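Work through the following exercises with the sequence and the 3D view side by side. Try each task before you read its solution.

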Amino acid sequence: GLADYKDYGFYQKHKKIYFDTVQERGEYEIVAVFQSRVAYVDEVAFRYYNFIQADTQEEFDSFISTVEKLAYYDTGVEAEFGDQLLTLSTCDREITDGRLVVLAKKCD
């Protein structure tokens, strides 16, 4: 179902993701939808899947800047340092080792 987010019209109808855990109910706004791929060990590439927590504003800004460049469209939702992010990823066969990624931030 994540592949549906490639279509801006689908995004317009589904701007939020609800992700619940045992501890709480989570509501997230979609920041970006982008395509990436799994990189080889010795390859210099954007590894969104290694981003767990930014220790600095600069690290966070660099990650978000790259995501924005890769995004299929502008959602108008901006992530800020300190936001809790949710990254959903699935295989995308359009490219070798491709991944489709939906990045969202937790609503207040």
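The exercises below deal with the sheet, the core, one loop residue and the salt bridges.

The model is predicted, so local features are taken only where pLDDT is at least 70 and side-chain atom pairs only at pLDDT 80 or more, while totals for chains, interfaces and linings use all residues. Residues are numbered from 1 along each chain as its sequence is written, and side-chain values use heavy atoms, with hydrogens and water left out.

**Exercise 1. The sheet**

Work out in which order the four strands lie in the sheet, and which strands stand at its edges.

Solution. Begin with the vocabulary: helices (H or I, at least four residues) and strands (E, at least two) are DSSP runs, numbered from the N terminus, and two strands pair if DSSP finds at least two bridges between them.

Next, trace the order, which is S1-S2-S4-S3 in an open sheet with antiparallel pairing. Strand S1 (16-18) and strand S3 (85-91) each have a single partner strand, so one side of each is left without a neighbour in the sheet. From one strand to the next, the twist averages 40 degrees.

Then look at the individual pairings. S1 and S2 run antiparallel and are joined by three bridges, and here Tyr18 stands opposite Glu27 in S2. Strand S2 (residues 27-37) and strand S4 (residues 98-106) pair in the antiparallel sense over nine bridges; along this pairing, Ile30 stands opposite Ala104 in S4, and Phe34 stands opposite Val101 in S4.

Finally, add the helix that lies against these strands: H2 (residues 57-70) packs on the sheet and touches S2, S3 and S4, where contact means heavy atoms within 4.5 Å. The direction of H2 makes about 70 degrees with that of S2, with axes being lines fitted to C-alpha atoms, for helices over the stretch in contact, and angles running from 0 to 180 degrees between N-to-C directions.

**Exercise 2. The core**

Find which residues of the largest nonpolar core touch the most other members.

Solution. First recall that a nonpolar core is a set of buried Ala, Val, Leu, Ile, Met, Phe, Trp, Tyr and Cys residues joined through side-chain atoms within 4.5 Å; buried means under 20% relative accessible area, exposed over 50%, and partly exposed in between (1.4 Å probe, protein chains only).

The largest core has 25 residues, of which Tyr5, Ile17, Ile30, Val33 and Val102 touch the most other members. The elements that give two or more residues to this core are S2, H2 and S4, and the largest share, six residues, comes from S2.

Now select Ile30: when neighbours within four places in sequence are left aside, its contacts include Tyr5, Ile17, Val77 and Val102.

**Exercise 3. A loop residue**

Locate Arg47 and decide whether this residue is buried, partly exposed or exposed.

Solution. Arg47 lies in the loop between S2 and H2. Its relative accessible area is 22%, so Arg47 counts as partly exposed. Not counting residues up to four places away in sequence, Arg47 touches Ala39, Tyr40 and Val41. The C-alpha atoms of Arg47 and Val33 are separated by 15 Å, and the two residues are 14 residues apart along the chain.

**Exercise 4. Salt bridges**

Identify the residues to which Lys6 is linked in a network of salt bridges.

Solution. A salt bridge is a side-chain nitrogen of Lys or Arg within 4 Å of a carboxyl oxygen of Asp or Glu, and the structure holds six of them.

One of these joins the side chains of Asp92 and Lys6 (3.1 Å, N to O). Asp92 lies in the loop between S3 and S4 and Lys6 in the segment before helix H1 (8-13), so this pair ties together parts that are 86 residues apart in sequence.

The side chains of Lys6 and Glu94 also meet in a salt bridge (2.6 Å, N to O), and this pair ties together parts that are 88 residues apart in sequence. Lys6, Asp92 and Glu94 are thus linked in a network.

To finish, compare accessibility: Asp92 is buried at 6%, Lys6 is partly exposed at 24%, and Glu94 is exposed at 56%.
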